[in-house]
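Welcome, and take a moment to look over the model below. We will walk through it together, one topic after another.

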Amino acid sequence: MAANTIRLTRPYFWYPSSVLCRFSSSAMDGMGIGSSRSPLERLPFDNVVLRRLPLDPSEAPGVRTVRGACFSRVQPQPLNNPRFVAVSSAALALLGLNAEEVEQDTLAAEYLSGSKVMPGSEPAAHCYCGHQFGQFAGQLGDGAACYLGEVKAPVDQNPELLKENPSGRWEIQLKGAGLTPYSRQADGRKVLRSSIREFLCSEAVFALGIPTTRAGSILTSDSRIMRDVFYSGNPRMERCSVVLRIAPTFIRFGSFEIFKQADEFTGRQGPSYGYDEIRTQMLDYVIETFYPEIQQSHSDQVERNTAFFREVMLRTARLVAQWQCVGFCHGVLNTDNMSILGLTLDYGPFGFMDRFDPDFICNASDNSGRYSYQAQPAICRWNLARLAEALSPDLPSEQAQAVLDEYLPLYNIFYLENMRKKLGLLRKEEPEDEALITDLMQTMHNTGADFTNTFRSLSQISCPAEGEEVDDNEAIKQATELLLQQCASLQELKAASRPTMEPRELAMLLSMAQSNPALFNILSDRKTVARQLEKLSKLKELLDTTEEELKAKQTEDWACWIKQYRQRLARECEGPSDKKVLQEERVRIMNNTNPRVVLRNYIAQNAIEAAENGDFSEVQRVLKVLEKPFCVQEGLEQPGWVGRGGVEEPGERDEGEHGEPEEEGRGAENRVLVPYDSKPPSWANEICVT
């Protein structure tokens with residue numbers, strides 16, 4: 001669960017015979033086919049995966065170990081008075097649905113909350129395992145997600161979309177629809193805040209051009225569940241909410257780990273250990289369905305499987321390079337959260353970086369920093385190695401290792417390619433570019449520069465004009481002043497450098513590392529302690545620094561880098577080309593590569609608080625902004641809900657267990673209004689996501 005709060009087209013309809021049969025059943029409440037009331041009742045389901053992969057023979061309720069099966073049939077659990085919070089027109093169009101028709105449909109909220117089952121839908125939950133924080137966890141599975149089926153893509157769907165989805169079907173599932181055999185100690189429900197975050201980020205990441213699962217709708221209800229946001233013993237009642245998720249498939253690395261033998265560290269094994277024929281069956285299904293070119297190009301099974309693993313590796317390397325280039329941190333990169341198609345999957349405690357910090361940790365539960373920003377490329381390779389193990393012996397270890405050896409060079413190629421675009425280096429590739437990019441990131445770190453806004457500002461630094469010196473003082477000064485606006489203040493840097501460990505705890509661990517290394521390794525690790533010591537050293541340095549001294553150092557750092565950048569831009573512009581045309585092209589590409597707006601935590605939090613006060617307009621407004629992250633949209637420059645001074649709109653208020661208003665300080669009335677594309681306000685530092 002992602003807990004985040006603040007402390008203080010034309011629709012395409014098709015009628016397959018299997019659905020017509022259902023239409024004449026009780027699902028239509030006695031109505032004739034021709035008078036179908038809901039566009040959702042006309043969705044052309046073709047649930048191939050349930051025919052190709054083994055189903056759990058038991059339909060008994062309750063949590064259980066599921067052996068020899070990839071899916072279990074389930075029944076979504078109804079919600080009281082479900083209603084829409086927001087819908088994504090673009091995502092629903094994948095299914096041939098018109099968003100306006102869906103919102104006006106009297107049955108849509110019932111269907112998309114799981115309160116009713118659509119004709120042709122076959123609700124099920126997927127069984128998978130996973131390595132969580134480096135340890136094999138055994139059976140996990142869809143504890144809150146419910147597969148509804150696979151919907152045939154409209155015949156007029158964009159060919160580019162189908163290139164990424166050669167199956168021609170879109171799997172749809174509801175997240176938060178109730179208990180499944182894989183719910184473990186949980187209740188199968190999701191709440192409004194985590195659902196809003198998943199809905200908005202799915203669509204935001206897609207708009208940034210990054211492969212991702214999609215979100216078609218979010219609904220909330222009058223049904224409530226208890227949640228302890230900070231695991232602090234102070235639970236409160238929250239509204240049950242549901243997100244409609246869409247993807248070619250939700251099969252993941254962990255899907256193949258259900259066949260794992262007993263783990264040497266945890267002793268756990270996959271529930272289907274020994275069912276090797278099912279692993280081969282699932283591998284055949286994935287390659288034939290989602291990688292048909294590989295299937296058609298290789299008659300030899302080992303060669304085919306190696307080519308498949310290489311493609312998964314390539315997609316994963318490209319994906320994480322794209323994350324790094326927009327400052328996105330996933331937060332929980334367990335093997336069960338890694339898509340077999342190279343999609344961004346499962347939005348929990350994610351975060352887009354504000355102030356650049358390579359050690360940025362978006363998940364407050366990640367005490368060791370395993371899934372920090374700078375760790376993501378290496379963690380994805382580690383996860384690929386676990387996938388290779390899970391595919392053995394269908395994928396021999398020698399071939400797998402050879403593919404894994406290609407990962408880091410490929411990642412670096414993708415990363416540099418993206419970064420060159422972000423810097424407007426479009427005509428030439430120079431060996432020195434890597435050092436220029438590294439120096440930029442170091443300067444951003446040293447000065448506490450805002451990640452998104454700094455890159456966005458770079459398009460305002462032009463190639464040196466004809467006859468202008470590269471080290472022209474006035475040009476360097478103007479560029480420096482531009483970037484200084486995105487730097488952190490002394491107070492902000494002090495706050496960021498404060499160790500999360502108490503001094504006594506840190507001193508105890510340092511002593512223990514010398515006197516009792518075995519106990520130290522149980523309680524902590526050297527990397528974590530080293531990071532705390534580095535923070536402490538930085539804080540001491542800042543305590544002896546004045547605001548004027550900091551500003552002078554930031555100015556010096558940026559002036560030095562800008563001089564390097566202008567030298568590189570001068571070489572970029574060399575040649576007989578029209579410099580004005582070249583500069584215009586640079587600005588166009590840079591501004592279509594460096595987003596103006598990303599889903600910062602404070603933007604999501606503001607929308608969440610508005611929704612918890614019964615006002616869904618801010619969620620809808622943020623969605624519109626995020627759908628076009630590279631441009632200014634007139635009338636959508638700043639939040640609407642905060643812009644009304646935080647006054648609650650008429651309507652429902654999300655109340656606590658005993659009907660008392662939510663805790664003080666959660667409203668927006670004391671907040672400073674800032675545009676969506678600004679640096680985050682000071683209260684954003686108080687947001688905690690776990």
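Helices and strands here are DSSP runs, helices of at least four residues and strands of at least two, numbered from the N terminus. With those names in hand, we can place E264: this residue sits in the loop between β11 (236–247) and α8 (276–290). Keep in mind as you look that the model is a predicted one.

Is E264 buried or exposed? With a relative accessible area of 71%, E264 is exposed, because the word applies to anything over 50%. If you would like a sense of distance, find N367 as well: N367 and E264 are 103 residues apart along the chain, and their C-alpha atoms are separated by 24 Å.

Let us turn to charges on the surface. E492, E547, E548 and E549 gather there in a patch of negative charge. Which helix gives the most to this patch? That is helix α21, covering residues 547–572, which contributes three residues. E547 has its place in this helix, and with a relative accessible area of 40% E547 is partly exposed.

Helix α21 comes back when we look at salt bridges, of which the structure holds 37. One of them brings together the side chains of D433 and R568, at 2.6 Å from N to O. D433 belongs to helix α14 (residues 433–447) and R568 to helix α21, so this pair ties together parts that lie 135 residues apart in sequence. Both partners, D433 and R568, are buried.

R568 also forms a salt bridge with E572, where the closest N and O atoms are 2.9 Å apart. This time both residues lie in helix α21, four residues apart, which is about one turn of the helix. R568 has a relative accessibility of 2% and so counts as buried, and E572, at 0%, counts as buried too. Salt bridges with shared partners go on to join R420, E429, E430, D433, R568, R571 and E572 into one network.

Another salt bridge worth finding is that of D354 and R600, whose side chains meet at 2.8 Å, N to O. The two residues come from distant parts of the chain, 246 residues apart: D354 is in the loop between β13 (351–352) and α11 (376–391), while R600 is in the loop between α22 (579–591) and α23 (601–612). R600 is buried, with a relative accessible area of 1%.

Finally, we come to the cysteines. How many disulfides does the structure hold? There is one, and it joins C463 to C573 with an S to S distance of 2.4 Å. The link between C463 and C573 is right-handed, with 45° about the S-S bond. C463 lies in the loop between α15 (451–457) and α16 (473–484), and C573 in the loop between α21 and α22, so the pair ties together parts that are 110 residues apart in sequence. Both C463 and C573 are buried.

Why does C240 not bond with C146? The sulfur of C146 is the closest cysteine sulfur to that of C240, but at 15 Å it is too far for a bond, because a disulfide needs the two sulfur atoms within 2.5 Å. C240 counts as buried, at 2% relative accessibility. C325 is in no disulfide either, and the nearest cysteine sulfur, that of C380, is 14 Å away. C325 is buried, with a relative accessible area of 3%.

Conventions:
Residues are numbered from 1 along each chain as its sequence is written. This is a predicted model: local features need pLDDT of at least 70, side-chain atom pairs count only at pLDDT 80 or more; totals for chains, interfaces and linings use all residues. Side-chain values use heavy atoms; hydrogens and water are left out. Patches are made of residues with over 30% relative accessible area and no salt bridge: like charges are joined within 9 Å, nonpolar side chains (Val, Leu, Ile, Met, Phe, Trp, Tyr) within 5 Å. Accessible areas come from the Shrake-Rupley method with a 1.4 Å probe; for residues, only the protein chains shown count as cover. A salt bridge is a side-chain nitrogen of Lys or Arg within 4 Å of a carboxyl oxygen of Asp or Glu. Lys and Arg count as positive and Asp and Glu as negative; His and the chain ends are not counted. The place of a charge is taken as NZ of Lys, CZ of Arg, CG of Asp or CD of Glu. Buried means under 20% relative accessible area, exposed over 50%, partly exposed in between (1.4 Å probe, protein chains only).
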